[in-house]
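Hi,

Here is the structure I said I'd pass along. Have a look at it first, and then my notes on the cavities and the core are below.

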Amino acid sequence: MALRKSLLARLQADHIDQSRDEENVLTEITSMTLGDQDRAAAIIEHQAVENWLLDPRAAALLVQGNGRRHDPRAPTSVACALLIHVFSKKLRFPTLYWYCGLHSSGSRGNPISMLKNLICQLISLSCCKCSVDDQTHLSTQDFEDLMRLFVRLIRRSSVNVPVVCVLDGISFYEARHQRKETSRLVDELADLAISDPSVLLLLVTSPLRTMYVAHQSHKAQRFTVAEIPYHVSGANQGLNLGLIIASTGRKVENNLGGSAGRR
């Protein structure tokens, strides 16, 4: 316990109550148009998302929202919030997440702050196994050291089931001065998920299009990509939250939970 507190103190990050972010996004559903709700449902029901839930070969997923606006509470964010709810609340998987659009300005609006907060979330999980040696990676607060610490902690924290990491709205961190570190973080996590899906499941979304696929083709090879059509054919039925949460939970539980999961 003392070691955890020491690591959290040395991170010097504004620790954010991520559950409040999730709740804020979910409360937006009531004010969303039925068309946007249909869009969120289409994302969750997309074949690539289902593969991400069930197939170890699809452990790193990029959702290209192709939406109409750069909105921090876009249908992609609502879909993420529902999946986060399933993993963290229903199935009790170790789950890390960051809504880039909700933290796109001020001291928190950058990839280093995102990385620090992800590490804080991970250290706060009961499954996280901290070591005295981990403190050496925090001596400089250097991005590379922080990244190495994050990967080390993830590898030690997956027990029977993978750690789930959701980065929503990554396109909010693609300004020229952010691009290099955002790219490094996403690449490292994608490589880890693909090389060992028993350790990490990675979901990255963008409400519009992210330049990772559009301009850097070598990144596309790391991800399974879900291209959401600009026009989603729906009947303006909206989201049935209870049904989506229950059905998605059953799928994951049957395929990832239980005795061995993806191990």
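The largest cavity holds about 100 Å³ of space. Keep in mind that this is a predicted model. In total the structure has two cavities of 30 Å³ or more.

What lines the largest cavity? Its lining is made up of D36, R39, I43, G65, G67, R68, R69, A74, P75, T76 and P207. Sorted by character, that gives four nonpolar, three polar and four charged residues. Helix 3 (34-45) and helix 5 each put in at least two residues, with helix 3 giving the most, three.

The second largest cavity encloses about 30 Å³, and its lining reads quite another way: seven nonpolar residues, one polar and no charged. The residues around it are I43, V49, V63, A79, C80, L83, L203 and T205. Here helix 5 gives the most, three residues, and strand 4 (200-206) also supplies at least two. I43 turns up in the lining of the largest cavity and in that of the second largest, in case you want a place to start looking.

Now the core. The largest nonpolar core has 79 residues, and F150, L167 and L189 touch the most other members. Helix 5 (residues 75-90) shows up again, bringing the largest share of this core with nine residues. As for L189, leaving out residues up to four places away in sequence, it touches M147, F150, I154, C165, L167, L200 and L202. Two of the names in that list, F150 and L167, are the ones that join L189 at the top for core contacts.

Cheers

Terms used
Residues are numbered from 1 along each chain as its sequence is written. This is a predicted model: local features need pLDDT of at least 70, side-chain atom pairs count only at pLDDT 80 or more; totals for chains, interfaces and linings use all residues. Side-chain values use heavy atoms; hydrogens and water are left out. A nonpolar core is a set of buried Ala, Val, Leu, Ile, Met, Phe, Trp, Tyr and Cys residues joined through side-chain atoms within 4.5 Å. Buried means under 20% relative accessible area, exposed over 50%, partly exposed in between (1.4 Å probe, protein chains only). Helices (H or I, at least four residues) and strands (E, at least two) are DSSP runs, numbered from the N terminus. Contact means heavy atoms within 4.5 Å. On a 1 Å grid over the protein atoms alone, a cavity is a set of points where a 1.4 Å probe fits but cannot get out, and a pocket is an open set with protein on both sides within 12 Å along at least five of seven lines; lining residues have an atom within 4 Å of a point. Grid points are joined across faces, edges and corners, and a volume is the space filled by probe spheres set on the points. Ala, Val, Leu, Ile, Met, Phe, Trp, Tyr, Cys and Pro count as nonpolar, Asp, Glu, Lys and Arg as charged, and the others, Gly among them, as polar.
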